[in-house]
Amino acid sequence: NAISVLQENIRLDVAAGASVEFEGGVGAFAAIEGAGTVNGDISAKELTADFLKSGFLTVNGTFSLLDGQKITLRNLPQELPAEVKLLQAEEIDGEEFRRDIVVAGVDEGKVKVKLSVRGGALYARANDYNMVIIVR
């Protein structure tokens with residue numbers, strides 16, 4: 001379905017195999033998740049990724065990171081480090097905000113999460129704060 005008017009209080013879950021089309025402008029959401037396809041430029045205050053699901057969101061357009069971007073991680077594995085692909089986009093804008101993310105779904109005292117952009121994809125990597133490296 002084509003969407004032309006969006007509100008920032010909408011939570012969008014795009015199921016695998018489903019697609020959402022935009023007719024101009026930037027789709028601005030409160031949250032977005034899923035493994036489907038979005039055709040158009042979008043931003044979302046919150047991105048959600050599940051380590052147990054194999055798919056990721058595909059954006060045929062630009063995804064814009066926001067100041068105070070929130071990342072929610074579900075089903076974080078016991079063994080860290082672990083990485084999940086949040087989305088693949090033609091372009092990712094707002095990379096200056098990736099250092100100031102707000103993370104939910106993890107014990108922030110034990111896990112540190114960093115975002116990275118590689119090859120048009122946005123990844124979240126979770127590392128154990130208590131990881132010890134021994135060099136002999």
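## Exercises on a predicted strand-rich chain

N75 sits in the loop between β6 and β7. The model is predicted, and the exercises below start from this loop.

**Exercise 1. Describe the backbone and exposure of N75, then find the cis peptide bond.**

Step 1. Check phi. For N75 it is near 55°, a positive value in a residue other than glycine.

Step 2. Check exposure. The relative accessibility of N75 is 41%, so it counts as partly exposed.

Step 3. Look for the cis bond. It joins L80 and P81, with omega about 10°.

Step 4. Place the proline. P81 belongs to the loop between β6 and β7.

**Exercise 2. Determine how many salt bridges the structure holds, and analyse the one between R74 and E33.**

Step 1. Count. There are three salt bridges.

Step 2. Take the distance. The closest N and O atoms of R74 and E33 are 2.9 Å apart.

Step 3. Locate the partners. R74 is in strand β6 (residues 70–74) and E33 in strand β3 (residues 19–34), so the bridge ties together parts 41 residues apart in sequence.

Step 4. Classify R74. Its relative accessibility is 34%, which means partly exposed.

Step 5. Classify E33. Buried means under 20%. E33 has 15%, so it counts as buried.

**Exercise 3. Analyse the salt bridge between E46 and R11: which strands hold the partners, and is each one buried or exposed?**

Step 1. Take the distance. The N to O separation between the side chains of E46 and R11 is 3.4 Å.

Step 2. Assign strands. E46 lies in β4 (residues 37–50) and R11 in β2 (residues 11–14). The pair links distant parts of the chain, 35 residues apart.

Step 3. Classify E46. Relative accessibility is 10%, so E46 is buried.

Step 4. Classify R11. The cut-off for exposed is over 50%. R11 reaches 53%, so it is exposed.

**Exercise 4. Repeat the analysis for E83 and R118.**

Step 1. Take the distance. These side chains meet in a salt bridge at 3.0 Å, N to O.

Step 2. Assign strands. E83 is in β7 (residues 82–93) and R118 in β9 (residues 111–118), so this bridge ties together parts 35 residues apart in sequence.

Step 3. Classify both. E83 has a relative accessible area of 33% and is partly exposed. R118 has 40% and is also partly exposed.

**Exercise 5. Work out the surroundings of N39.**

Step 1. Place the residue. N39 lies in strand β4.

Step 2. Classify it. With 17% relative accessibility, N39 counts as buried.

Step 3. List contacts. Leaving aside neighbours within four places in sequence, N39 is in contact with S19, V20, E21, F22 and N60.

Step 4. Pick out polar contacts. The N39 side chain makes one with the side chain of E21, at 2.6 Å. A polar contact of 2.6 Å also joins the side chains of N39 and N60.

**Exercise 6. Which residues of the largest nonpolar core touch the most other members, and which elements build it?**

Step 1. Name the residues. The core has 33 residues, and I42, L73 and V113 touch the most other members.

Step 2. Name the elements. Those giving two or more residues are β2, β3, β4, β5 (57–64), β6, β7, β9 and β10 (121–128).

Step 3. Find the largest share. It comes from β7, with six residues.

Step 4. Inspect I42. Not counting residues up to four places away in sequence, I42 touches F22, V26, G27, F29, I32, L57, V59, T62, F63 and S64.

Technical notes: Residues numbered from 1 in each chain as written. Predicted model: local features only at pLDDT ≥ 70, side-chain atom pairs only at ≥ 80, totals over all residues. Heavy atoms only, no water. Salt bridge = Lys/Arg side-chain N within 4 Å of Asp/Glu carboxyl O. Helix = DSSP H or I, 4+ residues; strand = E, 2+ residues; numbered from the N terminus. Buried < 20%, exposed > 50% of the residue type's maximum accessible area, 1.4 Å probe, protein only. Polar contact = N/O pair within 3.5 Å; in protein donor to acceptor, adjacent residues only side chain to side chain. Contact = heavy atoms within 4.5 Å. Core = buried A, V, L, I, M, F, W, Y, C linked by side-chain atoms within 4.5 Å.
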